[in-house]
Amino acid sequence: MLKPTPFRVGALGKLPRDSRDTLFLLAVIAWVLLPQVSHLPLWCSTLAATVLIWRGWLAVQSRPLPGKWVLLALLALTLAATYATHRTLLGRDAGVTLLVVLLTLKTLELRARRDAFVVFFLGFFCMLSNFFYSQSLLTAFSMLLGLLGLLTALVNAHMPVGKPPLAQAAKTAGWMALLGAPIMLVLFVLFPRMAPLWGVPSDAMTGRSGLSASMEVGTIASLALDDSVAMRIRFQGNTPPQRELYFRGPVLSRFDGRQWQPQHAGVPPRHELPAGLQVTGDPIDYEVTLQPSSQPWLIVLDAAAQRPELPGYRSVMAPDLQWLTHRPITDIVRYQARSFPAFTHGPLQPDPGLQAFVDLPPGFNPRTQALADEIRRDPRYAQASTSTLVQVALERLRTGGYTYTLEPGVFGQHTADEFWFDSKQGFCEHIASSFVILMRAMNIPARIVTGYQGGELNSVDGFWVVRQSDAHAWAEVWQAGAGWVRVDPTSAVAPGRTGALQRLAAPRGVVAQAFGNFSPTLSAQLRATWEAVNNGWNQWVLNYTQGKQLDLLKNIGFESPSWQDLSVVLFALIVLASLAGAAWTLWERSQHDPWLRLLRRARKQLARAGIDSTPATSPRQLALQVLARQGSQGQALHDWLMALELLRYGTASASHLRQLKQLRQQLSRLA
């Protein structure tokens, strides 16, 4: 009995063709599954990698595949592990986990072509499941490569006769994909858009820059900047200065000593203060492309008096000027908005509802309370206005040795006390929270507003890019006769944070840093170009909505288009394309003999193998030459050529009928 020899990389070309085809298929499956690693449980990724490596080793060593009891045991264990991880076998995450497990385990049953087909189509499903988590241009490009790989393996499985090289199967797969591209484009443009059947879970933003529905102060020792894009803005007309770009998000008013939460989370609507928004001056019109957040927030530039135009969503403005939708935003959306830089909102005269914005939990931050009492007792400020007291606090921030840092350490119970008197450092949430607590301690209504501040202009496409690292927190204080007034205490500590000089940026990797040091201008230009390409992908592909489809129908003559009209147009195009294809096929058959064309192709293939022939050489003569030159290895090609001759000149016996049927099918595809 021969023992398997150790495998060497140089011996790959000497492996049997079946082994090489299996290794190619396993490589394609690994490529398709690779983007899933960050979303799969660790045990699932480990199992998938182990099974694929094991299956490759079996193919290289020509070892037998494991029995069904081994596979059943593995399947039972993975089902139990999936349930233990997700507490269910249904849903998106559990379903993707099971799909990956089934695909990898099925590779251990690759004994027949039927098993290979199951692997192929499971691979297609796994490829599509990548878009549950990311629909970026990079994901689409990588899955396009995976699609070509799976198509190549599928074509190769249908070409067993003669085992042509893998490059030939890849060429056929490429042509298939290219010919299918127009159909894909028509379906993309005209197939009626529907809401997705899945949801996107909210990202865990703890310890990373970005917006959250609440703010827990002092529990994060260091803040990791997230450089991903939060939204893109295209202004129509003049653009406000960067320092004035405050994009409003959740407003936090309730404080329990540690955590800030929205006021409307615990207050009946009838007790809330009215918005009282009054706008003046010239408006700013702009378009927002918002990334999915799984939150019902429409981020707008302060302050938008009109409802943002977002098809498919119902939105309402909360009393604190935040715009909310009726359902979470789980896809990239684009909406038109109009904001007014000059505005007032909130009550202009004292109101009992303002007491909720003065309340502080008892027993917290006693030294900050004492500081507020000290300022109030100062004769200079005994009768001072709110604006004067605000300036006193800001001057303390400017001159008191306070610093802006992303690594302030963990705070204790009295977060404001530690900021004002001990550490004197923090990022925007510490500064805004401590400032608002000091204001409330002086009996001044105040609250925290979170959102984004600033952004950067992409010179390639003209969009302003706002990143998660631009997330910011500032304060609003109430002043008689003016209502709620924005105060940004962070700008008193670090003025460059709200300008263009000291914008926060995530640390770059080694390669990006080296490239940036080599050519900062080229590095910035490449980044801007890549983001512009991604923006185009978002605008024209991911954000291609039903509204755009209906606008397309309006442009071609429909007065009040609907999804039924889309279906009619799509069906008409399919019928026209089918009729055109049938007409072309009939014309092609009348102009060319499919049998001669097939014989001509066979001669070309044989010429590459060193078997020359003339137009007068019959298939039988070619078959004899193949058998004389290749012996038993050419028997399959010999039989194929003999069947070709029988189809043209002879009558086939019962033993040849099946071969003739297969040959006719091949001829019909070539016609």
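## Starting with helix H8

Which helices do the buried residues of H8 pack against? They pack against helix H9 (386–399), H10 and helix H11 (428–441). Keep in mind while you look around that this is a predicted model.

H8 itself covers residues 366–377. With 12 residues at 1.5 Å a residue, H8 should span 16 Å, and its end C-alpha atoms are indeed 16 Å apart, so the two values agree. The buried residues of H8 are Thr368, Leu371, Ala372 and Ile375. Looking down the axis of H8, you find its buried residues within an arc of 100°, which means that they line one face of the helix.

## Where H8 meets H10

Let's zoom in on one of those partners. Two packed helices are described by the angle between their axes and the distance between the axes. For H8 and helix H10 (residues 415–422), the axes come within 7 Å and cross at roughly 60°.

On the H8 side, the contact is made by Pro366, Arg367, Thr368 and Leu371. On the H10 side, Ala416, Asp417, Glu418, Trp420, Phe421 and Asp422 take part. Sorted by type, the residues of this contact come out as 5 nonpolar, 1 polar and 4 charged. Two of the names may ring a bell: Thr368 and Leu371 belong to the contact, and both are also buried residues of H8.

## The whole chain

Now step back and take in the full protein chain. It has 20 helices and 20 strands. The chain runs to 671 residues, of which 44% count as buried.

How much area does the protein chain expose? The figure is about 35,300 Å², and carbon and sulfur atoms supply 61% of that. As for contacts in the chain with a separation of 6 or more, 69% of them come from residues 24 or more positions apart.

## Helix H2 and the residue after it

Another helix to look at is H2 (42–61). H2 has 20 residues and reaches 28 Å from its first C-alpha to its last, close to the 28 Å expected at 1.5 Å a residue. Its buried residues include Cys44, Leu47, Val51, Leu52 and Leu58. Arg55 and Gln61 are on the list of buried residues too. Together, the buried residues of H2 pack against helix H1 (17–33), H3 and H4.

Just after H2 comes Ser62, with a positive phi of about 55°, although Ser62 is not a glycine. You'll find Ser62 in the loop between H2 and helix H3 (68–86). Is Ser62 buried or exposed? Its relative accessibility is 54%, over the 50% cut-off, so Ser62 counts as exposed.

## A lysine in H4

H4, one of the partners of H2, covers residues 92–106, and Lys106 lies in this helix. At 16% relative accessibility, Lys106 falls under the 20% cut-off, so it counts as buried. Not counting residues up to four places away in sequence, Lys106 touches Asp115, Val118, Val119 and Leu122.

## Around strand E10

Strand E10 (315–317) is a handy landmark for the next few stops. In the loop between strand E9 (300–301) and E10 sits Ala303. A cis peptide bond joins Asp302 and Ala303, with omega at about -10°.

Within E10 itself lies Ser315, which counts as buried at 6% relative accessibility. What is Ser315 in contact with, leaving aside its neighbours within four places in sequence? Its contacts are Leu298, Arg307, Pro308, Trp323, Leu324 and Thr325.

## The loop from E10 to E11

Move on to the loop between E10 and strand E11 (323–325), where Leu321 is found. Leu321 has a positive phi of about 80°, although it is not a glycine. Its relative accessibility is 3%, so Leu321 counts as buried.

Gln322 is found in the loop between E10 and E11 as well. Gln322 also counts as buried, at 3% relative accessibility. Leaving aside neighbours within four places in sequence, its contacts are Arg248, Gly249, Pro250, Val251, Trp297, Val316 and Met317. Try finding Arg248 from Gln322: they are 74 residues apart in sequence, yet 6.6 Å apart in space, C-alpha to C-alpha.

How values were computed. Residues are numbered from 1 along each chain as its sequence is written. This is a predicted model: local features need pLDDT of at least 70, side-chain atom pairs count only at pLDDT 80 or more; totals for chains, interfaces and linings use all residues. Side-chain values use heavy atoms; hydrogens and water are left out. Axes are lines fitted to C-alpha atoms, for helices over the stretch in contact, and angles run from 0 to 180 degrees between N-to-C directions. Helices (H or I, at least four residues) and strands (E, at least two) are DSSP runs, numbered from the N terminus. Contact means heavy atoms within 4.5 Å. Ala, Val, Leu, Ile, Met, Phe, Trp, Tyr, Cys and Pro count as nonpolar, Asp, Glu, Lys and Arg as charged, and the others, Gly among them, as polar. Buried means under 20% relative accessible area, exposed over 50%, partly exposed in between (1.4 Å probe, protein chains only). Accessible areas come from the Shrake-Rupley method with a 1.4 Å probe; for residues, only the protein chains shown count as cover. The expected span of a helix is 1.5 Å times one less than its number of residues. The arc is that of the directions from the helix axis to the C-beta atoms.
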